Amino acid sequence: MTLALPGPARPPGPAAAAALRRHWPLLPLAATVLFLLAPLPAGDATASGKVGPADAASLLLALVCAVQALRGRVRRLSPLGVLVLGTPGIGLAVSTMTAGDPYAALPGFVRYLQVFVLVPAAVVLLVRGALEFRLAAGCFVVLALVQGAVGVVQYATHTGASYQGEDIRAVGTFGPGDVMGMATVVAYGLVVATAAALAPGLPAKVRRAAGGCALALVVPLVLSFSRGAWIATAGAALLVMCLAGIRRALAVLLALTALGVVLVGGLGLGSEMVAERLNSITQVSSAPDQSVTDRYTMWAAAESMWRERPAVGVGLKGFPAHRDGHSSLGLSSGSDTAGAGQAFMKQPLLSPHNMYLLVLGEQGLVGLLALAGGWAALLVAGLRRYAVASGGSGRSGDGLRDCGLIATGLFVWQLTDFLYADIGGPSTVLTGVIIGLAAWWALPSTGLAGGPAAR
């Protein structure tokens with residue numbers, strides 16, 4: 001009898017090596033999303049003006065895209081795609097050159113160019129098929145699950161950000177200086193998971209796993225106590241459910257309702273604070289809290305800046321310098337932040353917390369039309385393409401519908417959240433990735449430069 005001894009470990013097979021060679025340009029894209037798992041240093045109240053790991057990965061993504069474009073290995077865009085992706089850059093250049101202090105506006109130009117031009121264009125050009133799209137979307141779910149788990153632990157152990165005198169607000173690794181960071185990435189993951197759970201073309205095991213992830217992510221989203229994230233997530237999830245079909249939508253709504261009853265009603269998970277936070281949404285005009293008063297005051301200031309210079313605004317990064325001259329006395333000196341490893345400190349109010357008004361005040365009608373006009377075109381084109389895909393028969397109709405649900409859901413979430421928030425903080429770079437995924441779905445492609453069709 002011959003004794004068979006185990007041989008040395010085999011190296012990855014030809015198929016794995018070929019897959020790595022084919023999909024390696026996606027590594028910077030995955031890093032752009034997953035590097036947000038890296039915690040900020042304690043006491044770092046804001047990441048403004050700092051280049052974090054995710055930002056560095058996004059710059060590498062743009063560089064890889066440029067190299068691949070020179071080699072003819074990116075998707076070929078139609079003239080419409082070039083127009084939609086390139087027009088914001090023109091608006092940003094105009095706003096920078098016409099600013100009162102162009103040198104002070106230059107950092108804003110670089111940041112806006114990164115988020116609204118370079119990163120979206122790189123995503124559109126490098127993601128060459130549905131598989132790569134799904135891999136990119138899956139990174140959002142991984143990020144959300146990890147950050148959400150950290151947030152739940154913070155609530156349970158009273159190590160989160162300060163909220164109503166207790167250190168219970170779930171903020172993940174973003175810290176109290178960026179209380180919207182965890183809520184944002186958790187909401188992204190929840191929307192992706194919901195879309196995947198309802199998508200008709202995915203395997204049943206994938207849909208069930210996605211549904212479980214979506215239900216799990218509801219908990220940290222609730223514990224973030226972020227009203228804007230709640231509203232945007234509810235709107236995006238409702239749209240995704242309606243696009244997927246009424247019967248699927250009813251099933252998901254019943255599951256979410258049951259989960260809410262168990263968590264809040266049965267276990268009492270933050271029930272009083274959640275109820276108070278929900279009630280505050282309907283009291284923005286009758287009895288607003290100070291944060292709402294500050295927001296309305298800054299909205300009015302941004303509108304006043306636009307009226308002063310309606311065409312081009314006061315210039316990128318100009319809102320803080322012009323804020324006091326256009327604000328009423330109701331504006332406070334800043335937001336109180338504490339907890340999660342940070343001592344008490346005042347965080348200055350440097351933006352109006354409304355992306356559309358921020359663009360209008362700093363870039364005027366030229367900038368708003370260049371940015372928001374392109375977003376509207378992408379939304380309409382994406383919804384139209386999903387309607388066409390839904391009308392197909394067999395696999396030809398269902399093969400990419402999950403990508404359409406994910407792209408549309410994420411994009412609608414972002415556009416809705418822009419009513420209550422603007423760019424700022426480490427998670428801002430994900431805005432560019434989401435616009436890129438939405439553009440990938442919405443914009444027509446004639447295939448790879450010098451290669452076969454991309455889809």
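Buried here means under 20% relative accessible area, so Glu132, with 3% relative accessibility, counts as buried. That cut-off comes up again in the views below, and keep in mind that the model is a predicted one.

**View 1. The whole chain, for orientation.** Before zooming in, here's the overall picture: the protein has 17 helices and six strands. Half-and-half is about right for burial, with 50% of the 455 residues counting as buried. Take the contacts between residues at least 6 apart in sequence, and 78% of them join residues at least 24 apart. The accessible surface comes to about 20300 Å², and carbon and sulfur atoms account for 68% of that.

**View 2. How far to trust the model, stretch by stretch.** The average pLDDT is 83, and 78% of the residues score at least 70. Two stretches deserve some caution. Over residues 43-48 the pLDDT is below 50, and this stretch has 13 contacts in the model beyond near neighbours in sequence. Residues 393-397 are also below 50, with three contacts of that kind.

**View 3. Arg111 and Asp55, a salt bridge between two helices.** By the rule used here, the count comes to four salt bridges, and this close-up shows one of them. The closest N and O atoms of Arg111 and Asp55 sit 2.9 Å apart. Arg111 belongs to helix α5 (residues 102-126) and Asp55 to helix α3 (residues 53-70), so the pair links distant parts of the chain, 56 residues apart. Asp55 is buried, with a relative accessible area of 7%. As a general point, side chains of opposite charge can pair when their charged atoms come close.

**View 4. Arg128 and Glu132, a salt bridge with buried partners.** Here the closest N and O atoms are 3.7 Å apart. Arg128 has 11% relative accessibility and therefore counts as buried. What about Glu132, buried or exposed? At 3% relative accessibility, Glu132 is buried.

**View 5. Arg307 and Glu303, a salt bridge within helix α12.** This pair has its closest N and O atoms 3.0 Å apart. Arg307 and Glu303 are four residues apart in helix α12 (residues 290-308), which means that about one helical turn separates them. Arg307 counts as exposed at 56% relative accessibility, while Glu303 is partly exposed at 33%.

**View 6. Phe116 inside the largest nonpolar core.** The largest nonpolar core has 115 residues, and Phe116 is among those with the most contacts inside it, together with Tyr112, Phe140, Met355, Trp375 and Leu430. Helix α7 (residues 179-198) supplies the largest share of this core, with 13 residues. Which residues does Phe116 touch, leaving aside its neighbours within four places in sequence? Its contacts are Pro88, Met355, Leu371, Trp375, Ile423, Thr431 and Ile435.

**View 7. Helix α9 from end to end.** Helix α9 (residues 227-244) has 18 residues, so at 1.5 Å a residue it should span 26 Å, and its end C-alpha atoms are indeed 26 Å apart. Buried residues of α9 include Arg227, Trp230, Thr233, Val240 and Met241. Several alanines are buried there too, among them Ala229, Ala232, Ala236, Ala237 and Ala244. Just after the helix, Gly245 takes a positive phi of about 135°.

Terms used:
Residues are numbered from 1 along each chain as its sequence is written. This is a predicted model: local features need pLDDT of at least 70, side-chain atom pairs count only at pLDDT 80 or more; totals for chains, interfaces and linings use all residues. Side-chain values use heavy atoms; hydrogens and water are left out. A salt bridge is a side-chain nitrogen of Lys or Arg within 4 Å of a carboxyl oxygen of Asp or Glu. Buried means under 20% relative accessible area, exposed over 50%, partly exposed in between (1.4 Å probe, protein chains only). A nonpolar core is a set of buried Ala, Val, Leu, Ile, Met, Phe, Trp, Tyr and Cys residues joined through side-chain atoms within 4.5 Å. Contact means heavy atoms within 4.5 Å. Accessible areas come from the Shrake-Rupley method with a 1.4 Å probe; for residues, only the protein chains shown count as cover. pLDDT is the predictor's confidence in each residue, from 0 to 100. The expected span of a helix is 1.5 Å times one less than its number of residues.
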